[in-house]
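Colleague: Could you take me through the pocket side of this model, the ligand included? I'd like one connected account rather than a list.

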Amino acid sequence: MDVKQIDTSSPFYLQALSLRDAILRKPLNLSIYEENLSLEKLEIHFVLTQEKKVLGTVSLVPIYRENKGNLRQMATHETIRGMGFGKLLVKKLEEYAMNHSIHSIRLHARYHAIGFYKKIGYKIVSKPFEEVGIPHVAMEKALI
Ligand SMILES: CC(C)(COP(=O)(O)OP(=O)(O)OC[C@H]1O[C@@H](n2cnc3c(N)ncnc32)[C@H](O)[C@@H]1OP(=O)(O)O)[C@@H](O)C(=O)NCCC(=O)NCCS
């Protein structure tokens, strides 16, 4: 298993989209392909691969002028959950962030994922709100 940093021109990006669609959208009767993905070329994407197959993904929206960033679209394939790969993906994203003067990361967590983010150092910083039709909370982690 390997984590790669990719951009939207990579063939792995299309696989990551497909994984995101299956895990984060289809169960909500939504489709990632109906979204405007054009701004994703400005994001930094990380994929977990095994034999050229994408089994996990997460993306960073960098806001360099404010030394902060947003983590989004976090998903690992259901067959490899609980094995530390989600944590590894976020670690790679945080390493990139720290190397690019990003000092804090913010994200919107679905309720069932709050425990995962808490385990890796994120704290709830908002009241619940709705996104993609389900409740979320904002969470943050300072990197320095
Ligand atoms: C949330 C998700 C990304 C976690 O990925 P994962 O590969 O299972 O995570 P890891 O194995 O690296 O877990 C790291 C630690 O968090 C724990 N953990 C994982 N998911 C958890 C959860 N939902 N609640 C509480 N703890 C959790 C693990 O047990 C592990 O603990 P340990 O370090 O003591 O062993 C994965 O379950 C997933 O893709 N879910 C569906 C998509 C989703 O909800 N994404 C988040 C959208 S906000």
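**A close look at the largest pocket**

Modeller: Let's start with the walls: β4 contributes more than any other element to the lining of the largest pocket, supplying seven residues. Keep in mind that this is a predicted model. β4 isn't working by itself, though, since α1, α2, β5 and α3 each put at least two residues into that lining too. The space they enclose comes to about 950 Å³. In total 34 residues line the pocket, and those closest to its centre are Leu24, Met74, Ala75, Ala113 and Tyr117. Sorted by class, the lining has 17 nonpolar residues, nine polar and eight charged.

Now for the occupant. The largest pocket is where the ligand sits. Around the ligand there are 21 residues, and the ones that come nearest are Met74, Gly84, Lys87, His112 and Lys119. Met74 is worth picking out, as it is on that list and also among the residues closest to the pocket centre.

The elements behind the ligand shell will look familiar: α1 (11-25), β4 (68-76), α2 (85-99), β5 (104-110) and α3 (114-119) each provide at least two of its residues. The top contributor is another matter. For the shell around the ligand it is α3, with four residues, whereas for the pocket lining it is β4. As for chemistry, the shell is made up of 10 nonpolar residues, seven polar ones and four charged ones.

Zooming in on the polar contacts, oxygen atoms of the ligand turn up each time. A polar backbone atom of Gly84 is 2.7 Å from a ligand oxygen, and a polar backbone atom of Thr76 is 2.9 Å from a ligand oxygen. Lys119 uses its side chain instead, with a polar atom there lying 2.8 Å from an oxygen of the ligand. As for cover, the ligand taken alone would expose 910 Å², and the protein buries 75% of that.

For contrast, have a look at the second largest pocket, which holds about 160 Å³ of space. Its lining consists of Glu35, Asn36, Leu37, Leu39, Glu40, Leu42, Glu43, Val61 and Arg72. By class, that lining splits into four nonpolar residues, one polar and four charged.

Note on methods:
Residues are numbered from 1 along each chain as its sequence is written. This is a predicted model: local features need pLDDT of at least 70, side-chain atom pairs count only at pLDDT 80 or more; totals for chains, interfaces and linings use all residues. Side-chain values use heavy atoms; hydrogens and water are left out. A residue is near a molecule or strand if one of its heavy atoms lies within 4 Å of it. A polar contact is a pair of N or O atoms within 3.5 Å; within protein, one must be able to donate a hydrogen and the other to accept it, and residues adjacent in sequence count only if both atoms are side-chain atoms. Accessible areas come from the Shrake-Rupley method with a 1.4 Å probe; for residues, only the protein chains shown count as cover. On a 1 Å grid over the protein atoms alone, a cavity is a set of points where a 1.4 Å probe fits but cannot get out, and a pocket is an open set with protein on both sides within 12 Å along at least five of seven lines; lining residues have an atom within 4 Å of a point. A molecule sits in a cavity or pocket if more than half of its atoms lie within 2 Å of its grid points. Ala, Val, Leu, Ile, Met, Phe, Trp, Tyr, Cys and Pro count as nonpolar, Asp, Glu, Lys and Arg as charged, and the others, Gly among them, as polar. Grid points are joined across faces, edges and corners, and a volume is the space filled by probe spheres set on the points.
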